[in-house]
Amino acid sequence: MKSDGIAVIPVVTIDGPSGAGKGTVASLVADAKGWHLLDSGALYRIIAVAGLAKGIDLADEASLVALSEQLDIVFADGKVTVDGADLTDGIRTEEAGNSASQVAALPPVRGAILTLQQSFRKAPGLVADGRDMGTVVFPDAPVKVFLDASAEARAERRYNQLKNKGLGVNLRALLEQIQERDARDRNRAVAPLKPAEDALIIDSTHMSIDEVVATVMAQLSIT
Ligand code: C5P
């Protein structure tokens with residue numbers, strides 16, 4: 001509660017490198033609490049995929065900002081629709097992830113979707129996952145988590161996910177892509193991937209998803 005008696009809508013932020021399990025954990029915590037969910041990475045993926053489809057160069061800041069302000073993005077029933085087209089699977093490829101990390105390194109693009117991200121904060125609460133949820137987008141969140149895991153463990157999880165979908169993948173190539181994306185996300189000038197000072201750091205290398213969810217829920221119950 002704020003001192004004036006107005007209830008502040010609670011937010012749990014879950015930041016961390018790609019493949020640490022943030023999306024799965026965020027969605028399970030949101031379901032358990034009956035709260036809203038913000039998959040901020042999906043927004044960068046959408047801008048990158050929609051930009052490429054329109055022939056925009058991924059370094060062309062002005063065109064990407066204009067595009068991000070025009071896109072009609074709807075998240076509903078587990079699907080992502082952009083300007084009426086179903087992009088649910090189209091934004092989930094490794095290429096889309098890498099392209100997203102290129103557009104996400106451009107400060108004007110980050111600025112252009114800041115308010116959109118904050119607008120997901122609706123009663124009764126929000127679980128937000130990404131890279132800068134606790135540091136930039138929701139710095140006042142009462143519960144902040146930084147979910148990490150070794151690059152090898154993350155590559156192996158991704159390898160198994162893709163294999164289960166029947167897709168041919170190469171573990172070494174996946175590891176290299178993950179390391180390249182990590183380096184870009186950690187070293188960029190604006191909103192680099194790093195834990196908020198008040199974040200609980202969870203290393204999930206040797207933990208199951210259920211154990212991570214239980215740790216986050218326990219943190220929520222004491223705040
Ligand atoms: O989380 P996901 O893998 O979908 O994110 C794709 C890319 O979007 C990340 O590699 C990162 O560069 C960028 N991103 C970001 N800030 C966020 C979420 C994602 O820079 N809050």
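1. Welcome to this structure. A small pairing makes a good way in: Thr-81 has Asp-86 of strand S5 standing opposite. Please keep in mind throughout that this is a predicted model. Strand S4 and strand S5 (residues 85-86) run antiparallel and are joined by 2 bridges. They form a hairpin with 2 residues between the strands, and Asp-83 sits in that turn with a positive phi of about 50°.

2. Stay with Asp-83 for a moment. The loop that holds Asp-83 lies between S4 and S5. Asp-83 is not a glycine, yet its phi is positive. Is Asp-83 buried, partly exposed or exposed? Its relative accessible area is 45%, so Asp-83 counts as partly exposed.

3. On the other side of S4 comes a second hairpin. Strand S3 (residues 73-76) pairs with S4 through 4 bridges, and the two run antiparallel. Within this pairing, Ile-73 has Val-82 of S4 as its bridge partner. The hairpin of S3 and S4 has 2 residues between the strands, and Asp-77 takes a positive phi near 50° there.

4. Asp-77 deserves its own look. You will find Asp-77 in the loop between S3 and S4. Although Asp-77 is not a glycine, its phi is positive, at about 50°. With a relative accessible area of 81%, Asp-77 is exposed.

5. Which side chains of S4 are buried, and which are not? Along S4 (residues 79-82), Val-80 and Val-82 point to one face and are buried, while Lys-79 and Thr-81 point to the other face and are not buried. As background, side chains in a regular strand alternate between the two faces of the sheet. The Val-82 on the buried face is the bridge partner of Ile-73, and the Thr-81 on the other face is the residue opposite Asp-86.

6. Now to another sheet. An open sheet of 5 strands follows the order S2-S6-S1-S7-S8, with parallel pairing. Strands S2 (36-39) and S8 (200-203) are at the edges with a single partner strand each, so one side of each has no neighbour in the sheet. Direction ignored, neighbouring strands of this sheet are turned against each other by 20° on average.

7. Look at the S8 edge more closely. Strand S7 (residues 143-148) pairs with S8 in the parallel sense, over 4 bridges. Here Asp-148 has Asp-203 of S8 standing opposite. Helix H10 (residues 209-221) lies across strand S1 (11-15), S7 and S8, and runs at about 165° to S8.

8. Strand S1 also holds Thr-13. How much of Thr-13 is accessible? The relative accessible area of Thr-13 is 0%, so this residue is buried. Leaving aside residues up to four places away in sequence, Thr-13 touches several residues, among them Ala-128, Met-133, Phe-138, Val-143 and Val-145.

9. Helix H2 brings us to the S2 side of this sheet. H2 lies across S2 and strand S6 (126-130), at about 45° to S2. The loop between helix H6 (114-118) and S6 contains Pro-124. The peptide bond from Ala-123 to Pro-124 is cis, with omega near 5°, and is worth finding in the model.

10. H2 also meets another helix. Packed helix pairs are described by the angle between their axes and the distance between the axes. For H2 (residues 40-53) and helix H3 (residues 61-70), the axes come within 10 Å and cross at roughly 110°. The two helices are therefore roughly perpendicular to each other. The crossing of H2 past H3 is right-handed. Ile-47, Ala-50 and Gly-51 of H2 make the contact with Leu-64, Leu-67 and Ser-68 of H3. By type, the residues of this contact comprise 4 nonpolar, 2 polar and no charged ones.

11. One last residue in H2 is Leu-52. Leu-52 has 46% relative accessibility and so counts as partly exposed. Setting aside residues up to four places away in sequence, Leu-52 touches Leu-58 and Ser-99. Leu-52 and Ala-189 are 137 residues apart along the chain, and their C-alpha atoms are separated by 24 Å.

Definitions and conventions
Residues numbered from 1 in each chain as written. Predicted model: local features only at pLDDT ≥ 70, side-chain atom pairs only at ≥ 80, totals over all residues. Heavy atoms only, no water. Axes fitted to C-alpha atoms, helices over the stretch in contact; angles between N-to-C directions. Parallel < 35°, antiparallel > 145°, perpendicular 65-115°, else oblique. Left-handed = near helix turned anticlockwise from the far one by under 90°. Contact = heavy atoms within 4.5 Å. Nonpolar A, V, L, I, M, F, W, Y, C, P; charged D, E, K, R; others polar. Buried < 20%, exposed > 50% of the residue type's maximum accessible area, 1.4 Å probe, protein only. Pairing = 2+ DSSP bridges.
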